Amino acid sequence: MTSRPLPQAAAPVLDEADVLRPRVERPGTGWRRALHDLTGGRLSPGPGEAELHRAALLARIRGPLPGSHRVAVMSVKGGVGKTTVAACLGLTLAEHRGDRAVVLDANPDAGTLADRLTGDPRVTVRDLLDDLDGVTTWTDVSRYTSLAGRLQVLSSEQDPASGEAFRRDEYERVCDLLGRYFNVIVTDSGTGLVHSAMEGTLARADSVVVVGAPTVDGAGRAGRTLDWLTAHGHQALARDAVVVLSCDRQSAEVDTGRIVEHFAGRARGVVQVPHDPHLATGGRIDPARLRPATAAAFLELGALVADAFDARVR
């Protein structure tokens, strides 16, 4: 009787982890990077706490977003840096995500968003509305926007004598169109809360950013904005809001910590944006000229906004 040889066990397959030496993560900045580079990676303390925190924020910002998400940046009154916040939030999300982002100026009174981002407000949302039925491709849409880095910008009507206020139905039509071509839509909602375009903004919004300041009047405006949202049927948006305190105006007489604590109990997150000489000029924003603390604050804001991307996807 002839016996059959027993089958031999398959040899283990070598994968990448078996044959490659462990990679030493290269620090991004400072003495840690210098030491790593000087020793060819033989001595490397790894990234520092600040660098790890930044990496965690970037990971949140780059979270998946299979549909589109509409963010309304708002305040009950002007003068607290709302347009600046909308512009810098849009720039941050566009720079660090791989999909398409647009910022829309929904101010019915000749908003300044395009001035702050591109300096080119010649083509406006009114032009897009006039041609809306013929816009069927990404190329068509891009004819009505200007570009600031990776961020597309759609400016508001600039002629105050035009007599055509931006209405709710017009905003909704534009926003629905943008939702077909962009993943992130940031709306600078204009001054005040009772104009027609604001009704459309909130009807379409997936989340809101409320802008105030660490002053008596600035904190009061942010609080009244949250109160107004709650009183007008937008309780979920108010609870999930992110409050930004723009610190261009502040005083040692004001207890900023108490203001932050107050809004932390009312909203999903609070971000303080420090005074920045470049933003204070009121001119065109160049992200490369922001102070590191300012850029870090907008990175924090971007991460908080992105945390809601998987909550209400359209």
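**Exercise 1. Is Thr256 buried or exposed?**

Solution. This is a predicted model, in which local features need pLDDT of at least 70, side-chain atom pairs count only at pLDDT 80 or more, and totals for chains, interfaces and linings use all residues. Residues are numbered from 1 along each chain as its sequence is written, and side-chain values use heavy atoms, with hydrogens and water left out.

- Step 1. Take the cut-offs: buried means under 20% relative accessible area, exposed over 50%, and partly exposed in between (1.4 Å probe, protein chains only).
- Step 2. Thr256 has a relative accessible area of 17%, so Thr256 is buried.
- Step 3. Place the residue: Thr256 is found in helix α12. Helices (H or I, at least four residues) and strands (E, at least two) are DSSP runs, numbered from the N terminus.
- Step 4. List the contacts, meaning heavy atoms within 4.5 Å. Beyond neighbours within four places in sequence, Thr256 is in contact with Pro214 and Gln272.

**Exercise 2. Place strand β8 beside its partner.**

Solution.

- Step 1. Two strands pair if DSSP finds at least two bridges between them. Strand β7 (residues 242-246) and β8 pair in the parallel sense, over 5 bridges.
- Step 2. Pick one bridge: Leu245 has Gln272 in β8 as its partner.
- Step 3. Sort the faces of β8 (residues 269-273). Gly269, Val271 and Val273 form the covered face. Val270 and Gln272 form the uncovered one.
- Step 4. Add the helix. β7, α12 (residues 256-264) and β8 make a right-handed β-α-β unit. Right-handed means that, with the strands pointing away from the viewer, the path from the first strand over the helix to the second runs clockwise.

**Exercise 3. Check the span of helix α10, then find what covers it.**

Solution.

- Step 1. The expected span is 1.5 Å times one less than the number of residues. Helix α10 (residues 216-231) has 16 residues, so it should span 22 Å.
- Step 2. The end C-alpha atoms of α10 are 22 Å apart, which agrees.
- Step 3. Find the buried residues of α10. They include Gly218, Ala222, Leu226 and Leu229.
- Step 4. Name the cover. It includes β1 (69-74), α9 (196-204), β6 (207-212), α11 (235-239), β7 and α12.
- Step 5. Look past the end. Gly233 follows α10, and its phi is positive, near 85 degrees.

**Exercise 4. Which residues touch the most other members of the largest nonpolar core?**

Solution.

- Step 1. A nonpolar core is a set of buried Ala, Val, Leu, Ile, Met, Phe, Trp, Tyr and Cys residues joined through side-chain atoms within 4.5 Å.
- Step 2. The largest core has 43 residues, and Leu89, Leu117, Val209 and Leu301 touch the most other members.
- Step 3. Follow Leu301. Leaving aside neighbours within four places in sequence, Leu301 is in contact with Val85, Leu89, Val209, Val242, Val244 and Val271.
- Step 4. Another core, of 22 residues, lies apart from the largest one; among its members are Ala72, Leu229, Ala241 and Val243.

**Exercise 5. Is Arg54 buried or partly exposed?**

Solution.

- Step 1. Arg54 lies in helix α3 (residues 49-61).
- Step 2. Its relative accessible area is 41%, so Arg54 is partly exposed.
- Step 3. Not counting residues up to four places away in sequence, Arg54 touches His96 and Leu299.
- Step 4. Arg54 and Glu300 are 246 residues apart along the chain, yet their C-alpha atoms are separated by 8.7 Å.
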